[in-house]
Amino acid sequence: MTASAPALPVETGPSRRAIALGVALASLSGAAIVLHTFGPIPLRVSTPLIVLPGAMLLAGLLFASRRQYRELDRLYDRALSGIVWGLIGTLVYDAIRPGLVWVFDYEFQPYKAIPMFGHLITGRPKDDWIAIASGWGYHFWNGLSFGLMFALVRPRGGPLYGLAWAMILEGLMVTVYPSFLGVSLWNEGFLWAGIVGHAAWGLVLGEGLRRYGRG
């Protein structure tokens with residue numbers, strides 16, 4: 001009579017508490033914009049005191065997972081997939097919007113928020129290269145952090161789920177950006193560049209995770 005093989009441990013995903021912590025840390029950059037627009041905390045304060053510490057804590061969690069603690073390891077897989085596909089989606093988002101504005105001759109500058117971010121973070125003029133570089137860095141961090149949030153909750157993605165998440169973000173942008181950028185809510189370029197750009201971002205994110213997502 002042969003001895004039965006030992007049962008293999010059942011792989012489970014990260015706990016809800018770990019997922020909630022990851023989503024909360026990843027959402028800080030978006031929350032900073034809302035607090036600047038509607039609240040008492042300017043972006044030059046929230047970026048060094050809230051956003052960057054949150055990003056470093058999130059990065060610390062990801063690096064700690066390399067110690068092979070099982071829950072953190074699974075969290076790392078989800079987070080890394082979200083970061084990669086959030087970044088790819090953001091590149092697509094940035095490529096589509098100016099083309100859309102040019103084809104339909106909309107009166108809207110699709111990259112208007114970039115120097116504004118940099119100015120508010122650094123205090124330098126909007127045309128200063130440090131402000132512009134800081135603005136682009138903040139913009140890309142937003143794109144990949146929103147992708148990370150989605151992947152933590154839905155690691156296998158799906159284009160329709162990605163599209164739904166993107167439309168939620170578009171709704172938040174429509175709520176915040178008219179005041180933040182001084183642009184009319186009914187500006188067609190602002191509306192359609194946002195809707196189409198976010199839709200492309202969400203579809204890329206959802207489909208990328210569906211095919212290659214981990215965790």
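These are legends for a set of close-up views of one predicted model.

**View 1. The whole chain is built from helices.** The chain has 8 helices and 0 strands, so to speak an α-α-α-α-α-α-α-α pattern when you read along the sequence. Buried residues account for 44% of the 215 residues in the chain. The views below pick out a helix, some ring contacts, a pocket and a few spots where distant stretches of sequence come together.

**View 2. Helix H7 has a bend at valine 176.** H7 covers residues 159-182, and its 24 residues at 1.5 Å a residue should span 34 Å; the end C-alpha atoms sit 32 Å apart, which agrees. Follow the helix along and you reach a bend of about 40° at valine 176, with proline 178 coming within four residues after it. Both Val176 and Pro178 are buried. They have company in H7: the buried residues there also include Gly162, Trp165, Ala166, Leu169, Glu170, Tyr177, Phe180 and Leu181.

**View 3. Methionine 173 of H7 faces back to an early part of the chain.** Methionine 173 is found in helix H7, and with a relative accessible area of 11% it falls below the 20% cut-off, so it counts as buried. The C-alpha atoms of methionine 173 and isoleucine 33 are separated by 9.7 Å, even though the two positions lie 140 residues apart along the chain count. A second pairing to look for is valine 34 with leucine 172: 138 residues apart in sequence, 8.9 Å apart C-alpha to C-alpha. Valine 34 belongs to helix H2 and is partly exposed, at 37% relative accessible area.

**View 4. Phenylalanine 108 and phenylalanine 190 meet edge-to-face.** The structure holds 6 aromatic pairs, and this is one of them: the ring centres are 5.8 Å apart and the planes stand at 65°, which is over 60 and so makes the pair edge-to-face. Phenylalanine 108 sits in the loop between helix H4 (70-103) and helix H5 (113-122), while phenylalanine 190 is in helix H8 (residues 188-212), so the pair ties together parts that are 82 residues apart in sequence. Both partners are buried: phenylalanine 108 has a relative accessible area of 13%, and phenylalanine 190 has 1%.

**View 5. More rings: an aromatic cluster and a charge over a ring.** Tyr111, Trp136 and Phe140 make up one aromatic cluster. Elsewhere, the ring of tyrosine 161 has a different sort of partner, the charged end of arginine 154, which sits over it at 3.5 Å from the ring centre.

**View 6. The largest pocket draws its lining from several helices.** Its volume is about 530 Å³. Of the 30 lining residues, Asn142, Phe146, Met173, Tyr177 and His198 are the closest to the centre. Helices H2 (28-38), H4, H5, H6 (129-153), H7 and H8 each give two or more residues to the lining. H7 supplies the largest share, with 6 residues.

**View 7. Serine 27 sits beside phenylalanine 146.** Serine 27 lies in the loop between helix H1 (16-26) and H2, and it is partly exposed, with a relative accessible area of 24%. The C-alpha atoms of serine 27 and phenylalanine 146 are 6.9 Å apart, although the two are 119 residues apart along the chain.**View 8. Two glycines, 89 and 206, pair up across the sequence.** Glycine 89 is found in helix H4 and counts as buried, at 0% relative accessibility. Glycine 206 is 117 residues away along the chain, yet the C-alpha atoms of the two glycines are separated by 9.4 Å.

**View 9. Aspartate 105 has a positive phi.** Most residues other than glycine have a negative phi. Aspartate 105 is not a glycine, but its phi is positive, at about 55°. Look for aspartate 105 in the loop between H4 and H5. With 64% relative accessibility, aspartate 105 counts as exposed.

Methods: Residues numbered from 1 in each chain as written. Predicted model: local features only at pLDDT ≥ 70, side-chain atom pairs only at ≥ 80, totals over all residues. Heavy atoms only, no water. Expected span 1.5 Å × (residues − 1). Bend = angle between axes of the 7 residues up to and from the residue. Buried < 20%, exposed > 50% of the residue type's maximum accessible area, 1.4 Å probe, protein only. Phe/Tyr/Trp six-rings, centres within 6.5 Å; stacked < 30°, edge-to-face > 60°. Lys NZ or Arg CZ within 6 Å of the ring centre and 35° of its normal. 1 Å grid on protein atoms, 1.4 Å probe; cavity = no way out; pocket = protein on both sides within 12 Å on 5 of 7 lines; lining within 4 Å. Points joined across faces, edges and corners; volume = space filled by probe spheres on them.
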